[in-house]
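Please look over the sequence and the structure shown below before reading on. The report that follows takes up charged side chains and then backbone features.

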Amino acid sequence: MKGRLIRAGASDIRIIGAPKTIEELKALEPFHFQNWVIDRIGGVPSSKKVDDKGVDGYTFMAREPVQVKQSEDIGRNIVDNFETAMRRKHKTVGYIVAFSFGKGAYEEAARAKLEDKLDIKLVRVDEMDKYF
């Protein structure tokens, strides 16, 4: 939200009530958390909030799919399901954003890149600035 206001020419913006800590992010309602992540990366939300087929939003310029999980220790199955969502959208690069990922998620992302040429970036919430 702040980024959009700045791009629109506003200055001296203070967002009241915006989450500032990981604990506050974990306490958000799921759609609010999803919107916070998509907004924070400067992305575009999916047009569907329910039955979005595994894509919660897109990066702004390249329109790469983004899936947001308000969870820790994301596993292999989430990455596997996202591969299907990426194929459905005919994309080869995508992002899953979560608090943390398990070993299986990293293994599946590496396998998908090597065997299927799908570059799935596993992004921890506390490291989003490194990716976007």
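## A charged pair within helix 5

In this predicted model, K103 is exposed, with a relative accessible area of 65%, and its side chain meets that of E107 in a salt bridge at 3.8 Å, N to O. E107 is partly exposed, at a relative accessible area of 36%. The two residues are 4 apart in helix 5, and are therefore separated by about one helical turn.

## Salt bridges beyond one helix

The count of salt bridges comes to 16. One of them joins R76 to E108, where the closest N and O atoms are 2.9 Å apart; because R76 lies in helix 4 and E108 in helix 5 (residues 103–116), this pair ties together parts that are 32 residues apart in sequence. R76 is partly exposed, with a relative accessible area of 37%, whereas E108 counts as buried at 5% relative accessibility. Both residues belong to a network of salt bridges whose members also include K103 and E107, together with E83, R87, R111, E115 and D116.

K113 forms a salt bridge with D119, and here the closest N and O atoms are 3.8 Å apart. K113 is partly exposed, with a relative accessible area of 47%, while D119, at 19% relative accessibility, counts as buried, because the cut-off for that class is under 20%.

## The sheet and the helix packed on it

An open sheet is formed by 5 strands in the order 1-2-3-4-5, with mixed pairing. Strand 1 (44–45) and strand 5 (119–124) stand at the edges, and each has a single partner strand, so one side of each is left without a neighbour in the sheet.

Strand 3 (residues 65–68) and strand 4 (residues 93–98) run parallel and are joined by 3 bridges, and Q67 stands opposite I96 in strand 4. Helix 4 (residues 76–88) packs on the sheet, where it touches strand 3, strand 4 and strand 5, and its direction makes about 145 degrees with that of strand 4.

## Positive phi angles in two loops

Which residue in the loop between strand 3 and helix 4 is found there with a positive phi although it is not a glycine? D73 is found in that loop, and its phi is positive, at about 55 degrees. At 54% relative accessibility, D73 counts as exposed.

In the loop between helix 4 and strand 4 is H90, which is likewise not a glycine and has a positive phi of about 60 degrees. H90 is exposed, with a relative accessible area of 73%.

Terms used:
Residues numbered from 1 in each chain as written. Predicted model: local features only at pLDDT ≥ 70, side-chain atom pairs only at ≥ 80, totals over all residues. Heavy atoms only, no water. Pairing = 2+ DSSP bridges. Contact = heavy atoms within 4.5 Å. Axes fitted to C-alpha atoms, helices over the stretch in contact; angles between N-to-C directions. Buried < 20%, exposed > 50% of the residue type's maximum accessible area, 1.4 Å probe, protein only. Salt bridge = Lys/Arg side-chain N within 4 Å of Asp/Glu carboxyl O.
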